[in-house]
Amino acid sequence: MDDLYRDFILEHYKRPRNFGELPEHDHDAHEVNPLCGDELGVQIVIADGRIADLRFQGHGCAISQAAASMASEELIGMEVDEAATLDAGWMLELLGIPVSATRRKCALLSLKVVRHALTGEGSWPGDPGN
Amino acid sequence: MKHVVCRTSEEPCQECLVGFGAEKIREDFPILWTKVHGKPLVYLDNAATTQKPQAVLDTLMRYYTEENSNVHRGVHFLSQVATQSYESGRTRVRQFLNASHDREIIFTRGATEGINLVAQSYGRKHLRAGDEVIVSAMEHHSNIVPWQQAAAATGAQLRYLEVADDGTLSLEQLDAELARGDVALVALTHVSNVLGTINPVAEIVHRAHDAGALALIDGAQAVPQLEVDLTAIDADFYAWTGHKALGPTGVGVLHARAELLEQMPPFLSGGDMIATVEAQSSSWNELPWKFEAGTSMIAQVVGLGAAIDYLDALGMANIRAHEHALTAYTLERLSATDGVSLFGPPSAEHRGGVVSFALEGIHPHDVAELLSRSNVCIRASHHCAQPLMRRLGVVATARASFGPYNVAADVDALIEAIERAQEVFEG
Ligand SMILES: Cc1ncc(COP(=O)(O)O)c(C=O)c1O
């Protein structure tokens, strides 16, 4: 069994959750992974201070797709304030695989695009306390 | 089984029988002795940079231990030795590529800097609004972005030759563009770093000149693997880079016609490139030093000379024959592997030692990561050729590329690693 390409990662990669379009949305953003040129977009609907619905668009490597898919399941229903402050540690823990320095941006691209959509600011999520 | 490509030292190829011997060459490259997880390294990322033979490493060491000094204007013993070594590097480059004059050889930091020098110095002075610069959709960003900048500064237009499905450029389209009469410069790559396509550069330069246009050729991928004859190609500018040709990083070469260099303003300015400096103005040093401002990459030039000696001793025709055989073998093996699609010219005939491919359902990055588990080093990227990626309809490709030290066993390891990667994803 491969450390990185675990069954659940490949399962999310092959059948990503919450990918598609939300034509009526409150927030959206689009980001590029400079490492590989992969692109990821997000559309978000807000209700009562929470993320009521969210869809990603784009394609990428197994790590970035699985990260987006897994994050989407957590993000839907989350308070906007909380979602906007999630850090890299949250994402890496959720992924639960050893991500090397070179693949870090693959793992964090979905969080970056969500942050961008919610806060208008798209810096790379840093480590906790960063 | 009959092979046309080196398999192991016990099973040499036809080229080895005439004295090439890739398996023996490996002994000259200490990094190839490296074992990772107890297994040898399979280095197939030579289009990004090649490994360095012991002779180059020894030369760098010898330079720094015995000759290190600043060049030109030094009267003392060491400075004379270093100047002699540096300038003989220039002569070595001239002989190697059959160029005409040392004064037409400018040392740069790499192909990128050489093209920037031309785009900024020639381009900004001589391009006019309404002029056209022709590039192609298979160019490396280093032969696109400097022209975008020069075009933005001058009002010139950038136009692209298309890439056909078989990875070639259309000379008919080139002729049609040239016939418009407003083409100032044609800037094309000799060998594509993604598709491996070998462009007919002598013919392209000839057609450009007939139409009154200048021609720049990006030789970054050509010099390491082809017999390049700059007199025959006759380009006005030819740029290449040392680190892809077994040399050190930090040194490249721009070949340029002296009449053009004479008319061009300096690119960088400061020490070494001047004749005299007055309070408000200066006059320029003669060629080639007018274009070599500041302390040069002396050690790297000396190291590049050693790399050229090494390539010359192998013989560029032998290197080409060997890499051609290796590429043909790779195309054959990859075509026979399920789920693999190939980019670029279908045969190895008009292709350098570069093979880009895709695996169905697996992103190139994941391919590279999984291959690395088997110690197989390939590159997965847009390869600094995003317009080409758009043309191919992908964001990235996986790319295996060869050096003189690669053998068929490396290709076998690549295929095995690909099959293992497919198993992981099917798993
Ligand atoms: C075709 C081509 N042109 C130009 C370059 C740029 O070379 P360098 O980065 O050494 O300046 C490269 C290498 O990446 C290349 O493959």
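**Notebook: cavities, pocket and ligand**

I looked up the enclosed spaces first and found that the structure holds 2 cavities of 30 Å³ or more. I note at the outset that the model is a predicted one.

**Entry on the largest cavity.** I recorded a volume of about 130 Å³ for the largest cavity. Its lining is made up of 16 residues. I listed those nearest its centre as Asn46(B), Pro224(B), Lys244(B), Glu323(B) and Phe402(B). I then sorted the lining of this cavity by class and obtained 7 nonpolar, 7 polar and 2 charged residues.

**Entry on the largest pocket.** I turned next to the largest pocket, where I found about 920 Å³ of space. I counted 43 residues in its lining, and those closest to its centre are Asp45(B), Ala48(B), Ile378(B), Arg379(B) and Ala380(B). By class, I noted 16 nonpolar, 19 polar and 8 charged residues in the lining of the largest pocket.

I also asked which helices and strands of chain B each supply at least two residues of this lining. They are the helices α5 (111-126) and α13 (364-373), together with the strands β15 (376-377) and β16 (379-381). The largest share comes from α13(B), which gives 5 residues to the lining of the largest pocket.

**Entry on the ligand.** I then looked up where the ligand sits, and the space that the ligand takes is the largest pocket. I found 13 residues around the ligand, with Thr112(B), Asp218(B), Gln221(B), Thr241(B) and Lys244(B) as the closest. Lys244(B) had already appeared in my notes, among the residues nearest the centre of the largest cavity. I divided the shell around the ligand into 2 nonpolar, 9 polar and 2 charged residues.

I checked which distances separate polar side-chain atoms from atoms of the ligand, and I recorded the following.

- For Thr112(B), a polar side-chain atom lies 2.5 Å from an oxygen atom of the ligand.
- For Asp218(B), the partner of a polar side-chain atom is a nitrogen atom of the ligand, at 2.5 Å.
- For His243(B), I read 2.8 Å between a polar side-chain atom and an oxygen atom of the ligand.

I next looked up how much of the ligand is covered: taken alone, the ligand exposes 390 Å², and the protein buries 84% of that.

**Entry on the backbone.** I closed with two points of backbone geometry. Most residues other than glycine have a negative phi, and most peptide bonds are trans. I found a cis peptide bond from Leu287(B) to Pro288(B), with omega near 0 degrees. Pro288(B) has its place in the loop between β12 (282-284) and α11 (298-314) of chain B. I also found that His72(B), a residue other than glycine, has a positive phi, near 60 degrees. I located His72(B) in the loop between α3 (54-67) and α4 (77-96) of chain B.

Key:
Residues are numbered from 1 along each chain as its sequence is written. Chains are lettered from A and ligands numbered from 1 in the order in which they are written. This is a predicted model: local features need pLDDT of at least 70, side-chain atom pairs count only at pLDDT 80 or more; totals for chains, interfaces and linings use all residues. Side-chain values use heavy atoms; hydrogens and water are left out. A residue is near a molecule or strand if one of its heavy atoms lies within 4 Å of it. A polar contact is a pair of N or O atoms within 3.5 Å; within protein, one must be able to donate a hydrogen and the other to accept it, and residues adjacent in sequence count only if both atoms are side-chain atoms. Accessible areas come from the Shrake-Rupley method with a 1.4 Å probe; for residues, only the protein chains shown count as cover. On a 1 Å grid over the protein atoms alone, a cavity is a set of points where a 1.4 Å probe fits but cannot get out, and a pocket is an open set with protein on both sides within 12 Å along at least five of seven lines; lining residues have an atom within 4 Å of a point. A molecule sits in a cavity or pocket if more than half of its atoms lie within 2 Å of its grid points. Ala, Val, Leu, Ile, Met, Phe, Trp, Tyr, Cys and Pro count as nonpolar, Asp, Glu, Lys and Arg as charged, and the others, Gly among them, as polar. Grid points are joined across faces, edges and corners, and a volume is the space filled by probe spheres set on the points. Helices (H or I, at least four residues) and strands (E, at least two) are DSSP runs, numbered from the N terminus.
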